[in-house]
Amino acid sequence: MRLAYLLALALPLAACDSAADKSGAGAGGKAEAKAETTIAAGLGNDASTFAKAVKAAGLDTTLTGPGPYTVLVPVDGAFAKLPAGALDGLMTPETRPQLTKLLTNHVLSGAILSEDIAKAIEKEGGKTQLMTVGGAALTATRDGDAIVLTDPAGAKARVTAADSRHSNGIVHKIDTVLTPA
């Protein structure tokens, strides 16, 4: 999928990278100092399933591009929660459009820190909407100090590690795969 296509799908989303949070620490987790690597290059061992899916969908090229993006990366344990064979069924050339739709529902336009999401939740009375480049509206709420994202199908993903900075955006790791409507 081309960068222009992803950006065309994205709805404008105001994102601020506050000077007060240059340390990288935000609500929900400690940031990693990886600003010299791209999102695609920095997915890491606990997100190897997501990295393989990104490559199978052809989105690895996009996630090495200039961005900025915010990627909600399901850790490997999140994929283990899917029904048996569901991911394998999506990793074929014939189902690439469905895999791409699933993955783009984990990508937001702009660099959005967890602090920004938390402030928006507070400002909007306990929940806020985040639009993915795949066209899904995710509802962000708080559960104590944790940010919880609910997809259109009602699945809830908790941000387990936030604000990993990369040269082309931000990664927040989540514990559940978000699905399109």
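**Figure 1. The hairpin of β5 and β6 in this predicted model.** Two residues lie between the strands of this hairpin. G144 takes a positive phi near 65° there. Strand β5 covers residues 137-143, and β6 covers residues 146-150. The two strands run antiparallel. They are joined by 5 bridges. Look for T141 to find one matching position: V148 in β6 stands opposite T141.

**Figure 2. Strand β6 and its cover.** How many of the residues of β6 are buried? The count is 5 of 5, and the strand is mostly covered. The side chains split between two directions. A146, V148 and T150 point one way from β6. I147 and L149 point the other way. All of these residues are buried, whichever way they point.

**Figure 3. The hairpin of β6 and β7.** On to the next turn. This hairpin has 5 residues between its strands. One glycine is marked here: G154 takes a positive phi near 95°. Strand β7 spans residues 156-166. It runs antiparallel to β6, and 3 bridges join the two. T150 of β6 has a bridge partner in β7, namely K156.

**Figure 4. A salt bridge between β5 and β7.** The side chains of D143 and R158 meet in a salt bridge, at 2.5 Å from N to O. D143 sits in strand β5 and R158 in strand β7. The two residues are 15 apart, and the pair links distant parts of the chain. How covered is each partner? D143 counts as partly exposed, at 45% relative accessibility. R158 also counts as partly exposed, at 31%.

**Figure 5. A salt bridge within helix α6.** Here the partners are K119 and E115, whose side chains meet at 3.0 Å from N to O. Why are they separated by about one helical turn? Because they are 4 residues apart in helix α6, which covers residues 114-123. K119 is partly exposed, with a relative accessible area of 47%. E115 has 19% relative accessibility, so it counts as buried; the cut-off for buried is under 20%.

**Figure 6. The salt bridge of K55 and D60.** The count of salt bridges comes to 3, and this view shows the one between K55 and D60. Their side chains meet at 3.8 Å, N to O. Is K55 buried or exposed? K55 is exposed, since its relative accessible area is 58% and exposed means over 50%. D60, at 23% relative accessibility, counts as partly exposed.

**Figure 7. The largest nonpolar core.** This core has 21 residues. I39, F50, V71 and L103 have the most contacts inside it. Which elements each supply at least two residues? They are α2 (48-57), β2 (69-74), α3 (76-80) and α5 (96-104). Helix α2 gives the most, with 4 residues.

**Figure 8. I39 and its contacts, with a second core.** Leave aside residues up to four places away in sequence, and I39 touches L63, Y69, V71, H166, N168, G169, I170 and V171. Another core lies apart from the largest one. It has 15 residues, among them A140, I147, V159 and I174. I147 has appeared before, as one of the buried residues of β6.

**Figure 9. The protein chain as a whole.** Step back from the close-ups. The chain has 6 helices and 8 strands. Along the sequence the pattern is α-β-α-β-α-α-α-β-α-β-β-β-β-β. Of its 181 residues, 45% are buried. The accessible surface comes to about 8,300 Å², and carbon and sulfur atoms account for 58% of that. Take the contacts between residues at least 6 apart in sequence: 68% of them join residues at least 24 apart.

**Figure 10. Confidence along the chain.** The chain averages a pLDDT of 81. Of the residues, 79% score at least 70. Where is the pLDDT below 50? That is the case over residues 1-33. Beyond near neighbours in sequence, this stretch has 68 contacts in the model.

Methods: Residues are numbered from 1 along each chain as its sequence is written. This is a predicted model: local features need pLDDT of at least 70, side-chain atom pairs count only at pLDDT 80 or more; totals for chains, interfaces and linings use all residues. Side-chain values use heavy atoms; hydrogens and water are left out. Buried means under 20% relative accessible area, exposed over 50%, partly exposed in between (1.4 Å probe, protein chains only). Contact means heavy atoms within 4.5 Å. Accessible areas come from the Shrake-Rupley method with a 1.4 Å probe; for residues, only the protein chains shown count as cover. A nonpolar core is a set of buried Ala, Val, Leu, Ile, Met, Phe, Trp, Tyr and Cys residues joined through side-chain atoms within 4.5 Å. pLDDT is the predictor's confidence in each residue, from 0 to 100. Two strands pair if DSSP finds at least two bridges between them. A salt bridge is a side-chain nitrogen of Lys or Arg within 4 Å of a carboxyl oxygen of Asp or Glu.
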